[in-house]
Amino acid sequence: MTVTAPVPTRSSTVFAPRPFRVTRRRQDTRDTVTLTLASADGEPLAFAAGQFTMVYAFGVGEVPLSISGDPTRSGSLLHTVRDVGGVTHTLTQLRRGAVVGIRGPYGHGWDVADGKGGDVVLVAGGIGLAPLRPALLEILAHRGDYNRVVLLYGTRTPEDVLYGHELERWRGRFDLDVDVTVDYGPPQWRGKVGLVTGLIPRAGFDPGRTLALVCGPEAMMRHVAAALVDRGVERSRIRLSMERAMDCGVGLCGHCQLRELFVCVDGPVFGFDRVERLLWLREV
Ligand SMILES: Cc1cc2nc3c(=O)[nH]c(=O)nc-3n(C[C@H](O)[C@H](O)[C@H](O)COP(=O)(O)OP(=O)(O)OC[C@H]3O[C@@H](n4cnc5c(N)ncnc54)[C@H](O)[C@@H]3O)c2cc1C
Ligand code: FES
């Protein structure tokens, strides 16, 4: 007997958001805020590192946002939001007690466990650290299962560095290598200046047994993936989290289509071998 998965339609409940209340708002940088959300019905939202939800600012609109919380702990839902337009501006202005609608979690995540027994290198650009944070927290929760773990992080300026306190804690760990660089550093900046790709040649990992997780602006991901390939990491062991404008989030509307792939259901995380030739396609 053939069993067919139910196909969601516009009228089905996948489009009904669940109400979540803001329990904490943290201003991370000038334009970026992390919201801690709790479901109104008390039912926590389980998710895998790299998945996203559709977040509805009532009366304004709905946007896809990666989950930036810890997948190994149930409870609150965390989203780190950068103010770039109508919906994200509204979300970054929300205060404690405000209610948003949540659909999901959706999409295919990092599958971090595929890196067990080898090295893992995470390369983040700007707000790309937010979708990678759950992956790193999952690795740290099972640290003994991995060899070297390396986080390479690049932002435009020191003021754009996300999760500053947590980065300091991570830097203090003996079992995690953290390297941070900025594109433009003021005279008082004592850290590195330059693109994040510049950190790859000297980072301490064995390319032949490395899983690489990359998230950031598309141009950055192209260059990072090329630098990882140059170092000897297999294309299928390099994973990128792609962003495309989304409407339904569940494979129905076609907004997020990248040739034969739908970013919302086939991704957002893809192997570089699968999307290398699609990385140059503009959004429709
Ligand atoms: C799977 C996925 C995960 C994401 N995770 C996060 C996250 O964790 N945090 C976060 O802040 N943002 C994230 N984004 C991007 C976020 O969805 C967009 O910034 C948002 O949809 C913009 O909507 P808006 O109404 O605020 O701005 P709009 O008024 O719609 O657009 C404002 C500007 O942002 C650009 N823009 C719109 N959508 C995107 C996009 N998807 N990517 C890049 N630029 C865009 C537009 O071209 C325009 O220049 C994610 C996107 C996807 C697809
Ligand atoms: S967002 Fe509708 S198909 Fe992907």
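This report walks through the cysteines, the internal cavity and some backbone features of a predicted model.

**Cysteines**

Let us start with the sulfurs. The structure has 0 disulfides. For Cys-215, the closest cysteine sulfur belongs to Cys-256 and sits 16 Å away, so the two are too far apart for a bond; a disulfide would need the sulfur atoms within 2.5 Å. Cys-215 is also buried, at 5% relative accessibility. Cys-248 is buried as well, with a relative accessible area of 0%.

**The cavity**

Searching the whole structure turns up 1 cavity of 30 Å³ or more, and the volume of the largest cavity is about 30 Å³. Its lining includes Leu-35, Leu-37, His-79 and Val-81. Strands β2 (32-39) and β5 (77-82) each contribute at least two lining residues. By type, the lining comprises 7 nonpolar residues, 1 polar residue and no charged ones.

**Backbone features**

Two cis peptide bonds are worth a look in your viewer, and they are listed here with the place of each proline.

| Peptide bond | Omega | Place of the proline |
|---|---|---|
| Gly-104 to Pro-105 | about 10 degrees | strand β6 (residues 99-106) |
| Gly-267 to Pro-268 | near 15 degrees | loop between α5 (263-266) and β15 (269-271) |

Positive phi values also turn up outside glycine. Tyr-163 has a phi of about 50 degrees and lies in the loop between β8 (149-155) and α3 (164-171). Arg-259, with phi near 50 degrees, is found in the loop between β13 (257-258) and β14 (261-262). Tyr-163 is buried at 6% relative accessible area, whereas Arg-259 is partly exposed at 46%.

Conventions
Residues are numbered from 1 along each chain as its sequence is written. Chains are lettered from A and ligands numbered from 1 in the order in which they are written. This is a predicted model: local features need pLDDT of at least 70, side-chain atom pairs count only at pLDDT 80 or more; totals for chains, interfaces and linings use all residues. Side-chain values use heavy atoms; hydrogens and water are left out. Buried means under 20% relative accessible area, exposed over 50%, partly exposed in between (1.4 Å probe, protein chains only). On a 1 Å grid over the protein atoms alone, a cavity is a set of points where a 1.4 Å probe fits but cannot get out, and a pocket is an open set with protein on both sides within 12 Å along at least five of seven lines; lining residues have an atom within 4 Å of a point. Grid points are joined across faces, edges and corners, and a volume is the space filled by probe spheres set on the points. Helices (H or I, at least four residues) and strands (E, at least two) are DSSP runs, numbered from the N terminus. Ala, Val, Leu, Ile, Met, Phe, Trp, Tyr, Cys and Pro count as nonpolar, Asp, Glu, Lys and Arg as charged, and the others, Gly among them, as polar.
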